[in-house]
Amino acid sequence: MGKRLTLILLLAATLFGLGVSSSYAANPTDPGPRWESLSPEIKQVLAPVASDWESMPGFQRKRLVNAAKHYPKLSLEEQARFREQLPRWAKLPHEERKDARETYKKYHSLPQEQRDQLKKRWQEENGASPQTSPASAAVPMSPSGTTDH
Amino acid sequence: MTEQDFAKKIRHHLNLSTKQIDGMTLQRLSDIRRQALSAAAVADRQFVMAQHPAGQQAVLGFHDNGNLENGMSHLGRTVFIALVVLTIFAGIFTWQRLNNDDDESEQGLLDAKMLSSDLPVSTFTQPDFKEWVNGSR
């Protein structure tokens with residue numbers, strides 16, 4: 001009787017623990033944050049992809065929101081590039097985004113000199129000019145998250 | 001002579017004799033002990049659990065130093081174990097949650113850096129560019 005009670009209690013505790021842990025684990029069916037639930041600041045940053053929001057999977061929405069949280073820390077020029085690239089980035093298939101992140105991580109880990117050489121070579125061979133979007137394309141936001149008008 | 005002195009004197013004989021008890025008697029003794037314990041209001045008995053050398057069966061016996069063990073009732077011990085298990089799970093859950101939050105923030109930072117990079121994001125999907133990057137490492 002006593003041993004059975006011990007077993008039942010231990011089993012219950014284990015199941016409870018596992019249940020709580022798994023409920024927090026990444027859930028592929030999680031729809032992610034709804035557009036309406038986002039803060040005005042985040043909405044402003046993610047405005048270029050607002051029309052695609054409903055069709056995005058939950059994990060992509062979460063990642064975009066997480067990226068948008070870092071937007072206020074970027075310079076005006078970087079903010080402009082962020083917003084300009086956002087729609088293209090959001091439309092990339094998941095595998096390509098994953099692939100791009102891996103390449104970017106490797107690229108970013110290179111010394112500055114090597115990065116500059118690579119950039120220059122790439123731009124020369126592809127006839128592309130550096131991403132120098134006009135700063136006016138950015139929605140200026142101070143590090144506190146408030147818009148500077 | 002106190003009870004404890006007496007117990008100390010006979011414990012050796014008792015412990016030896018428990019090794020010679022057959023399984024059925026052992027079971028009966030164990031049942032009687034359990035009944036006696038549940039009938040008693042106070043948990044701190046003078047008995048301790050001793051493991052039978054041949055198996056896992058608990059038998060009556062006296063601890064060598066005569067100290068009281070088994071001060072906690074069976075139910076109390078069960079609840080205590082359940083609480084320990086719950087505490088461990090709560091710790092794991094909290095640790096996972098903190099790690100997950102860190103990961104999400106780092107992932108967000110990576111995406112933000114890439115999106116604001118002076119190279120278009122499409123560059124990082126190009127096989128040629130990937131090859132160059134890998135070749136530079």
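Core and aromatic pairs between chains A and B

In this predicted model, the largest nonpolar core has 35 residues, and those touching the most other members are A:Leu46, A:Trp53, A:Leu64, A:Phe82, A:Trp89, A:Tyr107 and B:Phe124.

Me: Which helices each supply at least two residues of this core?
Reply: In chain A they are helix H2 (40-45), helix H3 (58-69), helix H4 (76-91), H5 and H6, and in chain B they are H3 and H4.

Me: What does A:Leu46 touch, not counting residues up to four places away in sequence?
Reply: A:Leu46 touches A:Trp35, A:Leu38, A:Trp53, A:Leu64, A:Val65, A:Ala68 and A:Leu86.

Me: Why is A:Tyr107 called buried?
Reply: The relative accessible area of A:Tyr107 is 4%. Buried means under 20%, so A:Tyr107 counts as buried.

Me: How many aromatic pairs does a search of the whole structure find?
Reply: Nine, over all chains.

Me: Why is the pair of A:Tyr104 and A:Tyr107 called tilted?
Reply: The ring centres are 6.4 Å apart, and the planes are at 50°. Pairing requires centres within 6.5 Å, and an angle that is neither under 30 degrees nor over 60 counts as tilted. The two rings therefore form a tilted pair. Both residues lie in helix H5 (residues 94-108) of chain A, three residues apart, about one turn of the helix.

Me: What makes the pair of A:Tyr104 and B:Phe124 edge-to-face?
Reply: Their ring centres are 5.2 Å apart and their planes stand at 90°. Over 60 degrees counts as edge-to-face, so this pair has that name. The pair crosses between chains, and B:Phe124 lies in the loop between helix H3 (74-115) and helix H4 (127-136) of chain B.

Me: Are A:Tyr104 and B:Phe124 buried or exposed?
Reply: A:Tyr104 has a relative accessible area of 5%, and B:Phe124 has 0%. With the limit for buried at under 20%, A:Tyr104 is buried, and so is B:Phe124.

Me: Which residues form one aromatic cluster?
Reply: The cluster consists of A:Tyr104, A:Tyr107, A:Trp122, B:Phe124, B:Phe129 and B:Trp132. Over the ring of B:Trp132 sits the charged end of A:Arg121, 3.8 Å from the ring centre.

Me: How do you know that the buried residues of H4(B) line one face of the helix?
Reply: B:Phe129, B:Trp132 and B:Val133 are buried in H4(B). Seen down the helix axis, the buried residues fall within an arc of 95°, so they line one face. On the other side, B:Pro127, B:Glu131 and B:Gly135 are exposed.

Me: What covers the buried residues of H4(B)?
Reply: The cover includes H5 and helix H6 (112-126) of chain A.

Notes. Residues are numbered from 1 along each chain as its sequence is written. Chains are lettered from A and ligands numbered from 1 in the order in which they are written. This is a predicted model: local features need pLDDT of at least 70, side-chain atom pairs count only at pLDDT 80 or more; totals for chains, interfaces and linings use all residues. Side-chain values use heavy atoms; hydrogens and water are left out. Rings of Phe, Tyr and Trp (its six-membered ring) pair if their centres lie within 6.5 Å; planes under 30 degrees apart count as stacked, over 60 as edge-to-face and the rest as tilted. Helices (H or I, at least four residues) and strands (E, at least two) are DSSP runs, numbered from the N terminus. Buried means under 20% relative accessible area, exposed over 50%, partly exposed in between (1.4 Å probe, protein chains only). A charge sits over a ring if NZ of Lys or CZ of Arg is within 6 Å of the ring centre and within 35 degrees of the ring normal. The arc is that of the directions from the helix axis to the C-beta atoms. Contact means heavy atoms within 4.5 Å. A nonpolar core is a set of buried Ala, Val, Leu, Ile, Met, Phe, Trp, Tyr and Cys residues joined through side-chain atoms within 4.5 Å.
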